[in-house]
Amino acid sequence: MTIKAPMQGVQYVKAPERDSIGDSASMEGLVAQIIADVRKRGDAAVQDYSKKFDSVDLAVFEVTPQEREEALTELDPQTRADTEFAIENVRKFAEAQLATILPLEIELRPGLHLGHRVIPIERVGCYVPGGRYPLLSAPIMTIVPAKVAGCDEVIACLPPNAHKAMIAGCHLSGADRIFRIGGAQAIAAMAYGTQTVPAVNKIVGPGNAFVNEAKRQVFGPVGIDQLAGPSEIFIVADSSGDAVMIAADLLAQAEHDVRTRVGLITTDRTLAEATLKEVERQLQDLSTAGVAGQAWRDYGEIVVCSDEAAMIAYSDHIAAEHLQVHTTDPQDMATKLRNYGSLFIGELASVVYSDKCCGTNHTLPTMGAGRYTGGLWVGAYVKVATHQWLDERGVQAVAPPAARQSASESLEGHRRAAQLRLDRLQVPSA
C-alpha cells in the first residue's frame, strides 16, 4: 500500500498508523458536568468524584505540615539531592529570564508619559499529574517559576493516589498549600474555589485529557498556560546522525504514554532505514516496551526529505514539542528552525536532561501549538500592564486628535471627555 507523502519533497519510511490529534476524543459533556457540580457543591462534589475516579475517600484534601515532613523524611537521600539539583537549575534559569522582563517608562511626546509595570499574578494553581510513573520533575517546572516570579500564593493539586514523593517534590519546590485532588475536579476547584480550596487567578501544568478539557472550559474567568496534548519528540538529522542515539531518544520519550508522538525527519535514507531497524532492536530489551512499543507503532514516523529546505519546512509544519538537531552543524541549523516548543542543539543535548533537571521548562506546547507559542516560563506568572500620565503639554498634543476622532465616530461622550481637559487648560486661573 502506498502512503501519501505528508508534503512535497517528503516521503514516509514509516508512517504513523493513527492521528494523535484525532484520537483526542472530546469529553466536553462529562467535564462540563463535573465543573458545574464542583462549582455548585464545592468540597462535597470533589469528594464524590475522588471516590468515583480515584477510588479514594478523603474527608480532608489538604496535605498537613506533618504529612509534608513525613514525605520529606521518607524521600531517598539521593532522590532528594537530585530533586534539589533540578530545583536550583530551574530557579536560576527562571531568575535569569525574569531579569529580562523590565518595567518601562518613556516620554513619548513632551508631556505624554507611557509605561508598563511587571506585576506578579496574585495566586496561581499548579496541577501536578500523577501519571504512569512518579514524575518528580513535574512540580518543579510549575511551582518554582511561580515562586521566582513573586506570586503571593502557589497552590498545588495532585491526584490523591500520587506517590508520596510527589508531595515532597511540591514541598521542596515551594508550594504554599498542597491538595490531594486530581482530574477535572481539581481544575474546577482551583478555578472557582470550594470551602477549602481557594480560587486562583491562573492554572498551569499538564495533565490527562480530562484535565486538558477542564482547563479549556474554565478559561476566561481564570487564566491557563496552554492546552497540552500527548508528548512529542522529533529529530532533524542529516547523514551525520547516529541511528543508535536517535532510536534511544525516540523511545525515551515514547515510554511516557501510548499516545506519545515521535519521529525522525532526515535527508538521509540510509539513516532513516537504520533508525527503523534500531528502534525495533532496542524495543526487544526495553523494560517499558509495552508503552513505548505501542506509541511507536501507532504514532511513530520516519520521513526522508529531498533536501535541507524540505527538512526544515516539514519540521516547522510539525512544530514538535521537543525538537532535537543532529546535523553536521547543529548551531547553524538551529537558526533556520522556527516552530518548536524547545530546541535541543547537537546530539549531546537530550530531551531527557530538560525533562528532569537541566533548567529549561518541560511544560511545552503540543499539537502544533509551537507555531504560535513557546512553553511555560517565568513570564507566564507575571502581567505586563501598561499605564500613562499626562501633563498640560501632553493634553494639548493628544486631546485635539482624540476629540476629532471621537466626533467622526459619533461618540459624543468620548469627544466631551477629551475636550473637557483641553478647555480647562485654556481657562485662566483666578
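Here is a friendly exchange between a trainee and a mentor about this predicted model.

Trainee: Let's start with the whole chain. How many helices and strands does the protein chain have?
Mentor: The protein chain holds 430 residues, and 49% of them are buried. Along its principal axes, the C-alpha trace spans about 95 × 60 × 45 Å. The secondary structure amounts to 16 helices and 14 strands.

Trainee: Among contacts with a separation of 6 or more, what share comes from residues 24 or more positions apart?
Mentor: That count takes the contacts of the protein chain with a separation of 6 or more. Residues 24 or more positions apart account for a share of 72%.

Trainee: And the surface: what part of the accessible surface belongs to carbon and sulfur atoms?
Mentor: The accessible surface of the protein chain is about 20500 Å². The share that belongs to carbon and sulfur atoms is 52%.

Trainee: How far apart are the mean positions of the positive and negative charges?
Mentor: The protein chain carries 40 positive and 53 negative charges. Taking the mean position of each set, the distance between the two is 8 Å.

Trainee: Now the sheet with three strands. Which strands stand at its edges?
Mentor: The sheet is open and antiparallel, with the order β2-β3-β14. An edge strand has a single partner, so one side of it is left without a neighbour in the sheet. The strands in that position are β2 and β14.

Trainee: What is the average twist from one strand to the next there?
Mentor: In this open sheet, the order is β2-β3-β14. From one strand to the next, the twist averages 20 degrees.

Trainee: Which residue of β14 is the bridge partner of histidine 116?
Mentor: Let's follow the bridges across the sheet. Strand β2 (residues 104-109) pairs with β3 (residues 112-120) over five bridges, and leucine 104 has histidine 116 as its partner in β3. On the other pairing, β3 and β14 (residues 382-390) are joined by nine bridges, and there the partner of histidine 116 is threonine 386.

Trainee: Which residue in the hairpin of β2 and β3 takes a positive phi?
Mentor: This hairpin has two residues between the strands. The phi in question is near 85 degrees, and the residue that takes it is glycine 111.

Trainee: Which helix packs on this sheet?
Mentor: At one place in the sheet, leucine 112 stands opposite leucine 390 in β14. The helix touches β2, β3 and β14, and its direction makes about 95 degrees with that of β14. The helix is α15.

Trainee: Is serine 406 buried or exposed?
Mentor: Serine 406 belongs to helix α15 (residues 392-408). Beyond its neighbours within four places in sequence, serine 406 contacts Leu411, His414 and Arg415. Its relative accessibility is 8%, and buried means under 20%. Serine 406 is therefore buried.

Trainee: Methionine 367 and serine 410 caught my eye. Which of these residues is exposed, and which is partly exposed?
Mentor: Most residues other than glycine have a negative phi. Methionine 367, in the loop between α14 (351-356) and β14, has a positive phi of about 55 degrees, while serine 410, in the loop between α15 and α16 (412-425), has a phi near 60 degrees. Their relative accessible areas are 30% for methionine 367 and 66% for serine 410. So methionine 367 is partly exposed, and serine 410 is exposed.

Trainee: On to the sheet with six strands. Which are its edge strands?
Mentor: This open sheet has mixed pairing, in the order β1-β11-β10-β9-β12-β13. Each edge strand pairs on one side only. The edge strands are β1 and β13 (342-345).

Trainee: Which residue of β12 stands opposite isoleucine 233?
Mentor: Strand β9 (residues 232-237) and strand β12 (residues 322-326) run parallel, joined by five bridges. Opposite isoleucine 233 stands histidine 322.

Trainee: At what angle does α9 run to β9?
Mentor: Helix α9 lies across β9, β10 and β12. Its angle to β9 is about 165 degrees.

Trainee: Last one: which elements do the buried residues of α11 pack against?
Mentor: Helix α11 covers residues 289-299, and its buried residues include Val291, Trp296 and Tyr299. The buried residues of α11 pack against β1 (10-14), α9 (243-254), β10 (261-266), α10 (269-283) and β11 (301-305).

Notes: Residues are numbered from 1 along each chain as its sequence is written. This is a predicted model: local features need pLDDT of at least 70, side-chain atom pairs count only at pLDDT 80 or more; totals for chains, interfaces and linings use all residues. Side-chain values use heavy atoms; hydrogens and water are left out. Helices (H or I, at least four residues) and strands (E, at least two) are DSSP runs, numbered from the N terminus. Buried means under 20% relative accessible area, exposed over 50%, partly exposed in between (1.4 Å probe, protein chains only). Contact means heavy atoms within 4.5 Å. Two strands pair if DSSP finds at least two bridges between them. Accessible areas come from the Shrake-Rupley method with a 1.4 Å probe; for residues, only the protein chains shown count as cover. Lys and Arg count as positive and Asp and Glu as negative; His and the chain ends are not counted. The place of a charge is taken as NZ of Lys, CZ of Arg, CG of Asp or CD of Glu. Axes are lines fitted to C-alpha atoms, for helices over the stretch in contact, and angles run from 0 to 180 degrees between N-to-C directions.
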